[in-house]
Amino acid sequence: MLLAIDVGNSHTVLGLFDGELLVEHWRVSTEARRTADEWAVVLHGLIGGSSIIASGQVDGIALCCSVPSVQHEMREMFRRHFGDVAAVIVEPGVKTGVPVRMDNPKEVGSDRIVNALAAVQQYGGPAVVVDFGTATTFDAVSPKGEYVGGAIAPGIDISVEALSRRGAQLHMVELVKPRSVVAKNTTEALRSGIVYGFAGQVDGIVDRMAQELTDDADDVTVVATGGLAPMVVDECETVDVHEPWLTLVGLRLVFQRNA
């Protein structure tokens, strides 16, 4: 089985693949100060606690990481605790099959390339991937399957936290769909602004990207992913597919190309 690990700034998502089938998944907080040995305890605990798999059955690991300090500890963990398991870390030099048409390809986060690969393989190009994480990222894939650029906006959690800190009479709220756009109280007003505001942001950016990608914007497949996607994706008019495990699928594809 393949263990796929997507380390984001706020959360780390892990998944186990039996062939092409995702059979188990977990989400834990990303702690930048966690050591290699501590990460090993987390992984062994999750895998050992699964009723589906025993730790000895993991025969491959694929990793993409947005936090350099964590990537260093992960690399050390693989060496010390999974030395007999084939491991692929998505970084410069690793084959992804996605040409990166950027001024400096090394600046592009590995998770964004992995997302582009999964989107192309599953839905074809042109495509736009919207990843709702610490930041909301928009990644554009050409009709030829090339990564041609994107956009980065503040994420939902960051924006809500900033608003509650700077607004004297505002507070943190549970992010659920409001009863209506025109709210009758402060809590509902915050929910309305967050949910419909971010949905409008997504639709606006996606529309502009689609127009730049192809002459027929209807040909562009828009794929939403990320832990915060369920909060707003149903209100986005441009999203065609919600694929919560897109990055894990991309990691499986990269592993197949390199291991």
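Select Glu76 to start: with a relative accessibility of 27%, Glu76 counts as partly exposed, a label given to residues between buried (under 20% relative accessible area) and exposed (over 50%), as judged with a 1.4 Å probe and protein chains only. Keep in mind that this is a predicted model, in which local features need pLDDT of at least 70 and side-chain atom pairs count only at pLDDT 80 or more, while totals for chains, interfaces and linings use all residues. Residues are numbered from 1 along each chain as its sequence is written, and side-chain values use heavy atoms, with hydrogens and water left out.

**Salt bridges**

Now add Arg79 to the selection, and you will find its side chain meeting that of Glu76 in a salt bridge of 2.5 Å, N to O; the term stands for a side-chain nitrogen of Lys or Arg within 4 Å of a carboxyl oxygen of Asp or Glu. Both residues lie in helix α2, three residues apart, which is about one turn of the helix; helices (H or I, at least four residues) and strands (E, at least two) are DSSP runs, numbered from the N terminus. Arg79 counts as exposed because its relative accessibility is 56%.

Next, select Asp37 and Arg80, whose side chains meet in a salt bridge of 3.1 Å, N to O. This pair links distant parts of the chain, since Asp37 belongs to helix α1 and Arg80 to helix α2 (residues 68-81), 43 residues apart. Asp37 is partly exposed at 36% relative accessibility, and Arg80 is partly exposed with a relative accessible area of 46%.

Move on to Arg101 and Glu146, which form a salt bridge whose closest N and O atoms are 3.1 Å apart. Arg101 lies in the loop between β5 (86-89) and α3 (110-123) and Glu146 in the loop between β7 and β8, so the pair ties together parts that are 45 residues apart in sequence. Glu146 counts as buried because its relative accessibility is 16%.

To finish this part, select Arg179, Glu188 and Arg191, which are linked in a network of salt bridges.

**The sheet**

Which strands should you colour to see the open sheet, and in what order do they stand? There are five, in the order β8-β7-β6-β9-β10, and their pairing is mixed, where two strands pair if DSSP finds at least two bridges between them. The edge strands are β8 (147-154) and β10 (241-242), each of which pairs on one side only.

Select β7 (residues 135-141), which runs antiparallel to β8 and is joined to β8 by seven bridges; Phe138 stands opposite Ala151 in β8, and the bridge partner of Thr137 in β8 is Ile152. These two strands form a hairpin with five residues between them, and in the turn Gly145 has a positive phi of about 85 degrees. Strand β7 is mostly covered, with six of its seven residues buried.

Then add β6 (residues 127-132), joined to β7 by six bridges in an antiparallel arrangement, with Val128 having Ala140 as its bridge partner in β7. β6 and β7 form a hairpin with two residues between them.

**A last stop in a loop**

Finally, select Val58, which you will find in the loop between α1 (36-48) and β4 (60-65). Is Val58 buried or exposed? Val58 counts as buried, because its relative accessibility is 5%. Add Phe17 as well: the C-alpha atoms of Val58 and Phe17 are separated by 9.4 Å, although the two residues are 41 residues apart along the chain.
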